[in-house]
Amino acid sequence: MPELPEIEAYRRLAEGALGRPVERAVIGDRRFVRGQSSPRHLRAALKGVTFSAARRHGKLLVLDMAGPGQGLHLGLRFGMTGSLLLDGRAGVEHLVYASERDEPAWDRFTLRFTDGGRLVVRDPRMLGGVELDPDESVLGPDALTVTPAQLRRALEHSDVAVKTRLMDQHRLAGVGNLIADEVLWRSSLDPRRRSSSLTPAEHRRLHHHLQVTLHDMLQRGGSHLGDLMPERVPGGRCPRDGTELVRSTVGGRTSYWCPAHQH
C-alpha cells in the first residue's frame, strides 16, 4: 500500500532516470492515462524528452521535463498496489496487500530510454495512473513538511472523524490508512473523534507524532513497519498497554485503535 514513505522511495529511485533521453513511452492499458491527455498525445509529448527533476507532493510523483518537453510535468500515481521499477530494480522491496508476482500484464506504463534502460509503473489493480501536467494545487500541504498552523487549518471547523480528515488528500497530502492509524495511536487520539474537537495541546501532539512517525517510516523502509502494524489483526493487542485493540471502520477504512489510551 504505497503511502508517503513508499512514494519518497520511488522519487529517490526516479532520480536515476534524470538526464536520460526517452526513446518512447509504452502504455499497457489506455485506461491508465488520466486527465485530459489521450494515450497518443502522451506518447508524443514524451518522445525525446529528458527529466530534470523528480519531485513528490504527498503520494504524487512528478517528473519535470527538459528538452522537447521543457515546462511540462509527468505525474505518476500508484493507487493501492502500484510500484516503480528502474532498470529492473524496485523502489521498495515489499508492498502490503500487493502481489509480488512478476506479471508483464501489470506493467501499465513504461518509459524506454535510448540507453536501453526502462522506468516501469507496475500496478496489479490499476488504481493508479499517469497524467500530463497534473494539477498539484488540489492537494493539501505535504504531510512531511506541514507546519503546525497548516495542520490545524486542515482539521478545524470540521465534524468528520480526525482519521478521515488526515487521509483527505485535498487537506493533507501523503497520509494513508496505515500511517493514519500509527500516528493516532502514538498521539493517543481516538480515530473517530470529530476533527474540530481537538484541543490546542492535542493539535501540537498530533503534529509532533505525524512528523516523528513519517521520519521513522522513511528510515525503517515503509509505511507497513510501524509499531502498531504487527497487531493489526483480530485479537491484536496494544503494544503500549496490552489492551485488546478495537477493529472498526472509519471513513470507509479498516482501523485499529486502543480503547484504553486513545480518547
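In strand β4, the residue that forms a bridge with L61 is L76. This bridge belongs to a set of four that join strand β3 (residues 60-66) to strand β4 (residues 73-77), and the two strands run antiparallel. Strands (E, at least two residues) and helices (H or I, at least four) are DSSP runs, numbered from the N terminus. Two strands are said to pair if DSSP finds at least two bridges between them. The model is predicted: local features need pLDDT of at least 70, side-chain atom pairs count only at pLDDT 80 or more, and totals for chains, interfaces and linings use all residues. Residues are numbered from 1 along each chain as its sequence is written, and side-chain values use heavy atoms, with hydrogens and water left out.

The wider sheet comes next. Strands of a sheet pair through backbone hydrogen bonds, either parallel or antiparallel. Here an open sheet of four strands has the order β2-β3-β4-β9, and its pairing is antiparallel. Strands β2 (50-57) and β9 (129-132) stand at the edges with a single partner strand each, so one side of each is left without a neighbour in the sheet. From one strand to the next, the twist averages 20 degrees. Axes are lines fitted to C-alpha atoms, for helices over the stretch in contact, and angles run from 0 to 180 degrees between N-to-C directions.

Two helices pack on this sheet. Helix α1 (residues 4-14) touches β2 and β3, and its direction makes about 165 degrees with that of β2. Helix α2 (residues 39-46) touches β2, β3, β4 and β9, and its direction makes about 65 degrees with that of β9. Contact here means heavy atoms within 4.5 Å.

Two residues of the sheet may now be examined. G75 is found in strand β4 and counts as buried, at 0% relative accessibility. Buried means under 20% relative accessible area, exposed over 50%, and partly exposed in between (1.4 Å probe, protein chains only). Residues up to four places away in sequence not being counted, G75 touches L60, L61, G129, V130, E131 and P134. T50 is found in strand β2 and also counts as buried, at 18% relative accessibility. Its neighbours within four places in sequence left aside, T50 is in contact with G19, R20, P21, D64, M65, A66 and G67.

Which rings form an aromatic pair? Rings of Phe, Tyr and Trp (its six-membered ring) pair if their centres lie within 6.5 Å; planes under 30 degrees apart count as stacked, over 60 as edge-to-face and the rest as tilted. By this rule the count comes to one aromatic pair. The ring centres of Y10 and F78 are 4.7 Å apart and the planes stand at 55 degrees, so the pair is tilted. The pair links distant parts of the chain, since Y10 lies in helix α1 and F78 in the loop between β4 and β5 (83-86), 68 residues apart. Y10 is buried, with a relative accessible area of 0%, and F78 is buried with 1%.

Further along the chain is helix α3 (residues 148-155), where L151, A154 and L155 are buried. Seen down the axis of α3, these buried residues fall within an arc of 90 degrees, so they line one face of the helix; the arc is that of the directions from the helix axis to the C-beta atoms. An α-helix has 3.6 residues a turn, so residues three or four places apart point the same way. The buried residues of α3 pack against α4 (162-166) and α6 (200-220).

Backbone angles provide another view. Most residues other than glycine have a negative phi, and most peptide bonds are trans. H157, just after α3, takes a positive phi of about 65 degrees. H157 lies in the loop between α3 and α4 and counts as exposed at 75% relative accessibility. D133, which is not a glycine, has a positive phi of about 55 degrees. D133 lies in the loop between β9 and α3 and counts as partly exposed at 35% relative accessibility.

The last residue to consider is D190, placed in the loop between α5 (177-187) and α6. Is D190 buried or exposed? At 8% relative accessibility, D190 counts as buried. Residues up to four places away in sequence not being counted, D190 touches V162, W257, Q262 and H263. The side chain of D190 also makes a polar contact with the side chain of R192 (2.8 Å). A polar contact is a pair of N or O atoms within 3.5 Å; within protein, one must be able to donate a hydrogen and the other to accept it, and residues adjacent in sequence count only if both atoms are side-chain atoms.
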